[in-house]
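Here is a quick walk through one protein model, written for someone who would rather look than read tables. Keep the viewer open and follow along.

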Amino acid sequence: MTISVILPAKNEAEGLRRTLPALRERMPHAEIIVVDDGSTDATAEVAASFGAKVLSSPYSMGNGAAIKRGARAAAGDVLVFMDADGQHDPACIAALLETLEKGYDMVVGARDWAGQAGVHRGAANAFYNWLASRMTGFDVKDLTSGFRAVRAERFREFIHLLPNGFSYPTTSTMAFFRSAYPVAYMPIPVAKRLGKSHIRPIRDGIRFLLIIFKIATLYSPLKLFAPSAVAFFLTGLSYYAYTFVTQGRFTNMSALLFSAAVIIFLIGLISEQITALTYRRD
């Protein structure tokens, strides 16, 4: 089993100076790929000085784009994704690979509350984990963790689904669940990052909000659309009962709410079929 370790990096020269020596010591025979996402510091030079294969982009395309570029270029049977900012301990890779060999197709390093980047991010991630667990029926420990080991053949099936932004962990995890590829979670320690975070509260807050809808649509759109349709139908029924008692008639608003319920449900059915086609292996 050959291993490729992929580190997306944007202005992470400082973090790479700490991460790459430890990574090379722990994984001397692994292919190490650093994807330089349009850095303006010495990220590419530092990575090359430690013997890593460097893929440089002339401008920033996003964390997910870096992951996709690295996955396409990797030669290993197993891909290990980790951050370049020093948060992830290369010593944990061996445990990820050991769990992978037990028959799993993806093993994710799960952070505890202390490993979250702030209270707001921790609360948001806890909600994502709860929602994904409800959707999949599986206890999702950390939906947004970027530290994971996956079988390359399986992961490349879903490259076309991955966004260029920060939500590639969510997309890939839900894709694996949808395709019945077994996923495992393993607790990991998380150190304080080196350098400046690239997360922007307002911009990325909106993006993370969209993750909630992506979780549902990636796994089973009807689980999102059906409750919405029921809510509109019950609202229309309640309003019709009110107007019938008070005015003795069926109003346009009730008709609109009933129509909306039917339309939303039908959109859910169509989305379910489209989602099923998306995961066809051919």
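## Starting at a loop

Let's begin with asparagine 11, which sits in the loop between E1 and H1. Its phi is near 55 degrees, a positive value in a residue that isn't glycine. That's worth a glance, since most residues other than glycine have a negative phi. Is asparagine 11 buried, partly exposed or exposed? With 30% relative accessibility, asparagine 11 falls in the partly exposed class.

Alanine 180 is another non-glycine residue with a positive phi, in this case near 60 degrees. Look for alanine 180 in the loop between H7 and E7. Alanine 180 counts as exposed, because its relative accessibility is 63% and the exposed class begins over 50%.

## The overall picture

Bear in mind that this is a predicted model. The protein has 10 helices and 7 strands. It runs to 282 residues, and 49% of them count as buried. About 13900 Å² of the protein is exposed, with carbon and sulfur atoms supplying 61% of that area.

How do the contacts spread along the chain? Taking contacts with a separation of 6 or more, 75% are between residues 24 or more positions apart.

## The sheet

Now find the sheet. It is an open one made of 7 strands, in the order E3-E2-E1-E4-E6-E5-E7, and its pairing is mixed. Strand E3 (53-57) and strand E7 (183-187) are the edge strands, each pairing on one side only. On average, neighbouring strands of this sheet are turned by 20 degrees against each other, ignoring direction.

For a closer look at one pairing, take strand E2 (residues 31-37) and E3, which pair in the parallel sense over 5 bridges. Which residue in E3 stands opposite aspartate 37? That partner is serine 57. Helix H1 (residues 13-26) packs on the sheet and touches strand E1 (3-9) and E2. The direction of H1 makes about 175 degrees with that of E1. Helix H4 (residues 93-100) packs on the sheet too, touching E1, strand E4 (78-81), strand E5 (106-110), strand E6 (148-151) and E7. The direction of H4 makes about 140 degrees with that of E5.

## Two nonpolar cores

The largest nonpolar core holds 40 residues, and Leu79, Phe81, Phe155, Met174 and Ile215 touch the most other members. Which helix gives the most to this core? Helix H8 (residues 201-219) does, with 6 residues.

Click on isoleucine 215 to see its surroundings. Leaving aside residues up to four places away in sequence, isoleucine 215 touches Tyr128, Leu131, Ala132, Met135, Leu143, Thr170 and Met174. Apart from the largest core lies another core, of 30 residues, including Leu7, Leu20, Ala30 and Val78.

## Salt bridges

Side chains of opposite charge can pair when their charged atoms come close. The count here comes to 5 salt bridges. One of them joins arginine 154 and aspartate 105, with the closest N and O atoms 3.5 Å apart. This pair links distant parts of the chain: arginine 154 is in helix H6 (residues 152-156), aspartate 105 is in the loop between H4 and E5, and the two are 49 residues apart. Arginine 154 is partly exposed at 21% relative accessibility, whereas aspartate 105 is buried, with a relative accessible area of 8%. Asp105, Arg151 and Arg154 are linked in a network of salt bridges.

Next, arginine 111 forms a salt bridge with aspartate 142, the closest N and O atoms being 2.7 Å apart. Why does this pair tie together separate parts of the sequence? Arginine 111 is in the loop between E5 and helix H5 (119-136) and aspartate 142 is in the loop between H5 and E6, so the pair ties together parts that are 31 residues apart in sequence. Arginine 111 and aspartate 142 are both buried.

Finally, glutamate 272 forms a salt bridge with arginine 178, and here the closest N and O atoms are 3.7 Å apart. Glutamate 272 lies in helix H10 (residues 252-278) and arginine 178 in helix H7 (residues 168-178), so this salt bridge ties together parts that are 94 residues apart in sequence. Glutamate 272 counts as buried because its relative accessible area is 17%, under the 20% limit. Arginine 178, with a relative accessible area of 25%, is partly exposed.

Notes:
Residues are numbered from 1 along each chain as its sequence is written. This is a predicted model: local features need pLDDT of at least 70, side-chain atom pairs count only at pLDDT 80 or more; totals for chains, interfaces and linings use all residues. Side-chain values use heavy atoms; hydrogens and water are left out. Helices (H or I, at least four residues) and strands (E, at least two) are DSSP runs, numbered from the N terminus. Buried means under 20% relative accessible area, exposed over 50%, partly exposed in between (1.4 Å probe, protein chains only). Contact means heavy atoms within 4.5 Å. Accessible areas come from the Shrake-Rupley method with a 1.4 Å probe; for residues, only the protein chains shown count as cover. A nonpolar core is a set of buried Ala, Val, Leu, Ile, Met, Phe, Trp, Tyr and Cys residues joined through side-chain atoms within 4.5 Å. Two strands pair if DSSP finds at least two bridges between them. Axes are lines fitted to C-alpha atoms, for helices over the stretch in contact, and angles run from 0 to 180 degrees between N-to-C directions. A salt bridge is a side-chain nitrogen of Lys or Arg within 4 Å of a carboxyl oxygen of Asp or Glu.
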